[in-house]
Protein chains: 2
Amino acid sequence: MGADTDGGVRSVVRALDLLDLYDERDQRYSTRELVELTGLAKTTVLRLVATLEQRGLLWTGSDGRVGAGPGLLRWARLAHALWQVPEPVRAVMRDLTVQTSETVNLYVRVDAVRVCVAQEEGPLRLRHIVNPGDEMVLWGGAASKVLLQGAPDSVLERVAAASPQGPRHADRLRAEVAQARERGFAVSHGEREHGVSGVAAPVHRPEGGTAPVAALAVGGPTARFTDAAVRGFAAAVVEAARRVTEIGFDPGAPAAAAASRGDR
Amino acid sequence: MGADTDGGVRSVVRALDLLDLYDERDQRYSTRELVELTGLAKTTVLRLVATLEQRGLLWTGSDGRVGAGPGLLRWARLAHALWQVPEPVRAVMRDLTVQTSETVNLYVRVDAVRVCVAQEEGPLRLRHIVNPGDEMVLWGGAASKVLLQGAPDSVLERVAAASPQGPRHADRLRAEVAQARERGFAVSHGEREHGVSGVAAPVHRPEGGTAPVAALAVGGPTARFTDAAVRGFAAAVVEAARRVTEIGFDPGAPAAAAASRGDR
């Protein structure tokens with residue numbers, strides 16, 4: 001498919017893939033490495049780097065290698081302003097870490113993945129660490145079964161296709177999503193990562209609807225998620241998610257921003 | 001020029017322009033508004049929004065309007081990890097606010113604009129507020145005359161073309177850049193914004209070179225930038241910039257990251 005037949009979307013995807021090569025470990029790549037990592041032609045890489053560098057998203061360091069650029073700082077401000085989870089929601093999350101002694105995460109679904117938008121760390125040393133902005137798979141984990149409620153079946157099929165089991169995972173996933181909807185929460189043990197368990201419940205949009213806007217989850221080592229513990233966690237997570245729904249979590253328009261808009 | 005003749009760069013630029021419509025004021029736009037603001041065809045806007053939404057960079061809220069998405073959180077982490085100005089440099093900047101009682105900014109040049117990478121606020125109520133990540137023009141302001149040292153003449157011409165005076169501003173800009181290089185600092189009064197003055201000095205790369213890696217600047221109301229005050233500010237800024245050069249400011253590879261790399 002040529003760039004002229006897809007309206008240039010392919011180039012945008014390539015540019016974002018290129019930016020995705022970078023994380024906090026402060027990588028810098030030579031052009032040759034970028035060609036190898038992306039599998040793109042050198043001329044394409046050079047053009048993309050030049051465009052992204054012009055916008056400050058990439059930056060050629062003093063060693064001639066290409067790293068992440070200062071233009072990201074602007075997007076950082078944007079992300080913090082718009083995706084900062086309101087303090088009352090944070091407070092509910094903190095309460096939940098106290099009740100469960102486990103780490104609490106808030107996830108939203110972005111197409112066929114989930115993104116962590118907030119985390120409150122549990123008090124114990126062995127913790128389930130996920131950073132805000134981290135993308136995670138939707139084919140496993142308790143939060144996934146919550147977030148896939150109300151998602152188009154085409155999304156669920158793509159999620160299944162990306163799983164280790166492949167497309168045939170779709171049926172099982174559908175059943176688990178249905179069960180989670182019925183019970184009001186989901187439980188997982190070692191699905192995504194061996195030795196990691198989770199319990200998650202849906203946060204709904206203020207105006208309701210069938211698709212949850214987010215999943216509130218506690219996660220930790222499977223050894224601490226015994227049947228008895230899970231029963232307690234489930235009750236606590238469901239109640240906390242209900243409180244967050246009541247407070248109102250409407251991503252992209254956090255309560256704080258909405259409130260300050262009202263002041264103007 | 002078709003998307004097929006420029007290697008798709010045009011689409012990448014359009015996608016980034018679309019993201020640039022968003023800032024911390026939490027705008028959300030309808031498709032119709034996006035069409036009006038970008039001047040693009042509706043089909044193009046829909047395709048770009050779908051692509052950016054799939055990557056979590058945009059997000060359709062409960063009201064059906066399009067806002068900034070949670071995928072930006074990942075970039076926020078990246079920006080903070082890589083562009084966090086090292087604490088020793090921060091300390092120099094804080095000292096400078098104490099010496100001058102004015103706000104101190106550190107800028108880098110990104111193509112034909114400058115980007116603020118750090119700010120330390122002065123103690124007075126009337127302050128020169130610039131946020132990290134903010135893009136500012138290079139055709140005026142003290143920091144610009146520092147940052148344009150060593151820049152290709154083609155950049156300077158584009159900077160001049162973007163100024164209120166248009167391309168004929170290039171000659172004056174060249175002269176001012178040369179003068180700033182000779183003196184070791186630059187001064188501006190109300191060039192970019194009426195009533196705002198600044199004094200800036202170059203920070204050089206650890207290995208030297210003719211092009212400064214950054215400009216350290218104090219900025220504030222012109223009324224406080226008398227000739228006598230400017231003499232004192234210039235001496236202080238030049239000395240502070242020399243200290244930052246000594247500490248080593250190499251953007252995209254902050255000292256902290258470099259140090260922790262060494263530990264691994």
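This passage describes a strand sheet and a helix pair in chain B of a predicted model.

Residues are numbered from 1 along each chain as its sequence is written, while chains are lettered from A and ligands numbered from 1 in written order. Local features need pLDDT of at least 70, side-chain atom pairs count only at pLDDT 80 or more, and totals for chains, interfaces and linings use all residues; side-chain values use heavy atoms, with hydrogens and water left out.

Let us start with the sheet. In chain B, 6 strands (DSSP runs of E, at least two residues, numbered from the N terminus) form an open antiparallel sheet in the order β5-β4-β3-β8-β7-β6. Pairing here requires at least two DSSP bridges between two strands. Because β5 (135-137) and β6 (186-189) of chain B each have a single partner strand, one side of each edge strand is left without a neighbour in the sheet. From one strand to the next, the twist averages 35°, with axes fitted to C-alpha atoms and angles running from 0 to 180 degrees between N-to-C directions. Within this sheet, β7 (residues 196-203) and β8 (residues 214-221) of chain B pair in the antiparallel sense over 8 bridges, and B:V203 stands opposite B:A214 in β8(B).

Now to the helices (DSSP runs of H or I, at least four residues). The axes of α2 (residues 31-38) and α3 (residues 42-54) of chain B, each fitted over the stretch in contact, come within 9 Å and cross at roughly 110°. That angle makes α2(B) roughly perpendicular to α3(B), a label covering 65 to 115 degrees. Contact (heavy atoms within 4.5 Å) brings B:T31, B:L34, B:V35 and B:T38 of α2(B) together with B:K42, B:V45, B:L46 and B:V49 of α3(B).

Conventions: Parallel < 35°, antiparallel > 145°, perpendicular 65-115°, else oblique.
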